[in-house]
Amino acid sequence: MATFSTTLPKTLTLTLVSGSLSKPNPKKASSMQGQKPTSRKPRKASYGASRKSILKKSFNQEQVMFTAPLPDDPAVAIIGGGMAGLSCALYLEKRGVRSTVFDTGVHGLGGRMGTRMIDPQSLIFDHAAQFFTVGDPRFAQLVDGWLEKGLVQQWQGMIGELEVGGQFVPLPSLPPRYIGVNGMRPLADSILSQTTMVNVVRPCWISKLDPFNGMWHLSENGKPHGQYDAIVIAHNGKCANRLLASSGLPLVARQMKKLELSSIWALLAAFEDPLPIPFEGAFVKGVDSISWMANNTKKLLHSLSSGPHCWTFFSTAAFGKRNKVPQENIPTVTAEKVKEAMLAGVETALGHSAGSLNRPFYTRVQLWGAALPTNTPGIPCIFDPHGRAGICGDWLMGSSLEAASLSGMALANHIADYFQSGGARPDEFAVGLHNEFHPLEGHDIGQFPGLGSKEQTDEAQAYQLST
């Protein structure tokens, strides 16, 4: 068991015990934690608040100190239903712990395991995670289950690196690259299907966390959503920061605030005729508006000639940052500007003259405003035993589907161990509350463990040059 020293912030401390509340400083009442949660609609958050002001609020909040005994059958609330949150729920169940997953997804769970299908044209796009690799035996066990069920398969199509002007360098076939047979989203449903002790609530935006009588009370704009013995934050970005800003978890909030995220534009485009491109996927180099392109029709449907032909294009992080707008309400003029810039980038990457690319009959742009981490503490999970709260997510170890899954597994086992201890020795279970962050290397669309090592790339370049 990893042991870390925990130094709590020099602020007032509120001790929560079953049936009673005690405060070290009786002169200062705690409006945040010392009153029973109500269903009264809270004051609307100020979305114009600066990052600095939210940061100050996060650091000045009081630290929750739960001392109530843990029940024999504890329950955990998991906020976020992506790979990390679902893996956490699955592995909590393996340890006999119940959980409820709260997710904002309207169309389904999965987070960045997103697949969009457009009817009646029968268009299909992986518009988030494009593929994944496997490097850890624990994740391999999960993937083996998907293979047995026919949910994933190896992507045998040619992928590589595309330089400006159309110079394509194929990447080696190893390590294996995996894709969802019907897209990525069914993988999330598969994880959920393995459980019987996991409840799902969606679409739901948990907006407030209230510690009261030894438990966490969750609510959505004043509407109660139950009480839990521990909470897991399995999402990130501005929504997670706002949620933690007044939660009574300053150490957790501080670590979340250190996370820096890129912004990436996705362009989904369907063409009547096939593009004159021999590969199925490429990391694009030297083009400002494009970092990745993939043929969904060949990848998912194995179609060689019959249309339509569906492509996913991703921008660079630099392009995403320069053209960032509120992703919930993208202005029409911005959407058109981004679309044209990305299509022009495709022509530049392929070495085609401007305007020579066939125009797509269907397009859709989507901004992933909090796309991928650019820094990481390099730890599997974060857990505050005094507040009975943890964080899981790919960003804690990297930027991949595997990292997300491993983080969820790690936090689930850590929480189960903490429950098994009875919570009598909380300091022994403090993890990741003070770790420093360091820059994260990888592609603009994430990391793929084992893919494209320098030795492999050198061999591929030599092979290309010799032919």
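I took rings of Phe, Tyr and Trp, the last by its six-membered ring, as a pair if their centres lie within 6.5 Å. Since the model is predicted, I looked up computed geometry throughout, and by this rule I arrived at a count of 20 aromatic pairs.

Entry on one pair. I looked up phenylalanine 132 and tryptophan 146, whose ring centres are 6.1 Å apart and whose planes stand at 75°, so I noted the pair as edge-to-face, with planes over 60 degrees apart being the cut-off for that class. Phenylalanine 132 lies in the loop between β7 (123–126) and α3 (137–148), while tryptophan 146 lies in helix α3, so the pair ties together parts that are 14 residues apart in sequence. I then checked accessibility: phenylalanine 132, at 3% relative accessibility, counts as buried, and tryptophan 146, at 0%, counts as buried too.

Entry on a cluster. Following the ring pairs further, I found that they link Phe131, Trp155, Phe283, Trp292 and Phe448 into a cluster.

Entry on charges over rings. Tryptophan 155, one of the cluster residues, has the charged end of lysine 299 sitting over its ring, 5.2 Å from the ring centre. I also recorded the charged end of lysine 94 over the ring of tyrosine 91, at 5.3 Å from the centre of that ring.

Entry on a histidine. I located histidine 386 in the loop between β23 (382–384) and β24 (389–391). Its relative accessibility is 11%, so I entered histidine 386 as buried, the cut-off being under 20%. I noted that the side chain of histidine 386 is joined to the side chain of aspartate 427 by a polar contact of 2.8 Å.

Key: Residues numbered from 1 in each chain as written. Predicted model: local features only at pLDDT ≥ 70, side-chain atom pairs only at ≥ 80, totals over all residues. Heavy atoms only, no water. Phe/Tyr/Trp six-rings, centres within 6.5 Å; stacked < 30°, edge-to-face > 60°. Helix = DSSP H or I, 4+ residues; strand = E, 2+ residues; numbered from the N terminus. Buried < 20%, exposed > 50% of the residue type's maximum accessible area, 1.4 Å probe, protein only. Lys NZ or Arg CZ within 6 Å of the ring centre and 35° of its normal. Polar contact = N/O pair within 3.5 Å; in protein donor to acceptor, adjacent residues only side chain to side chain.
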